[in-house]
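Colleague: I should like to go through this model with you, one question at a time. Please give the reasoning before each result.

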Amino acid sequence: MDTAAIVVLVIVGVVVLVLLALAVMRTRTRRTEQRRVEAGEHYEQAHARQLEADRRSAEAEERAARAKREAAAAEQQALEAERHRAEAAKHESRAQELDPDATPTER
């Protein structure tokens with residue numbers, strides 16, 4: 001082979017290697033961009049789910065606070081009812097003591 005043919009083969013080989021390197025870089029760049037897009041979608045989904053979790057947590061806390069207020073109100077009403085019963089019993093007892101027509105067993 002003469003020198004010109006060797007030079008042409010070397011140039012063709014270098015061009016092929018450069019083209020292969022460019023193709024590999026382009027494939028790698030495309031794959032990286034796809035992964036960025038996919039990661040972005042996952043970040044968006046994670047953010048949306050976190051917002052939903054925060055909303056549900058706030059609702060649960062609000063419901064618990066409401067239940068606590070209701071329990072306190074129910075306990076207060078029960079105490080007031082007991083106080084009224086005690087006052088009613090006290091008045092009943094006093095009325096029987098004062099009633100001249102009450103029989104001794106009623107007293």
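Colleague: How many salt bridges does the structure hold?

Modeller: This is a predicted model, in which local features need pLDDT of at least 70 and side-chain atom pairs count only at pLDDT 80 or more, while totals for chains, interfaces and linings use all residues. Residues are numbered from 1 along each chain as its sequence is written, and side-chain values use heavy atoms, with hydrogens and water left out. A salt bridge is a side-chain nitrogen of Lys or Arg within 4 Å of a carboxyl oxygen of Asp or Glu. By that definition, the number of salt bridges in the structure is eight.

Colleague: What does the secondary structure of the protein come to?

Modeller: Helices (H or I, at least four residues) and strands (E, at least two) are DSSP runs, numbered from the N terminus. Helix α1 covers residues 3–98. The secondary structure therefore comes to zero strands and one helix.

Colleague: Why is the protein said to be more spread out than a compact globule, and what is its radius of gyration?

Modeller: The radius of gyration is taken over C-alpha atoms, and the globule rule is 2.2 Å times the number of residues to the power 0.38. For 107 residues the rule gives 13 Å, and the protein is well over that value, so it is more spread out than a compact globule. The C-alpha atoms fill a box of roughly 145 × 15 × 10 Å along the principal axes. The radius of gyration is 45 Å.

Colleague: How far apart are the C-alpha atoms of Glu33 and Ala72?

Modeller: Glu33 is found in helix α1. Along the chain, Glu33 and Ala72 are 39 residues apart. Their C-alpha atoms are separated by 58 Å.

Colleague: Which residue forms a salt bridge with Arg36?

Modeller: Arg36 counts as exposed, at 54% relative accessibility (buried means under 20% relative accessible area, exposed over 50%, partly exposed in between, with a 1.4 Å probe and protein chains only). Its partner also lies in helix α1, three residues apart, about one turn of the helix. The closest N and O atoms are 3.6 Å apart, and the partner is Glu33.

Colleague: Which residues are joined into one network by salt bridges that share partners?

Modeller: Glu52 and Arg56 meet in a salt bridge of 2.8 Å, N to O, and these two residues are four residues apart in helix α1. Arg55 forms a salt bridge with Glu59, with the closest N and O atoms 2.4 Å apart; Arg55 and Glu59 also lie four residues apart in helix α1, about one turn of the helix. Salt bridges that share partners make one network of Glu52, Arg55, Arg56 and Glu59.

Colleague: Is Val18 buried, exposed or partly exposed?

Modeller: Val18 has its place in helix α1. Val18 is one of the residues that make a nonpolar surface patch of about 1100 Å², including Met1, Leu22 and Met25. Patches are made of residues with over 30% relative accessible area and no salt bridge, where like charges are joined within 9 Å and nonpolar side chains (Val, Leu, Ile, Met, Phe, Trp, Tyr) within 5 Å. With a relative accessible area of 43%, Val18 is partly exposed.

Colleague: What percentage of the accessible surface belongs to carbon and sulfur atoms?

Modeller: Accessible areas come from the Shrake-Rupley method with a 1.4 Å probe; for residues, only the protein chains shown count as cover. The accessible surface of the protein comes to about 9900 Å². The share that belongs to carbon and sulfur atoms is 59%.
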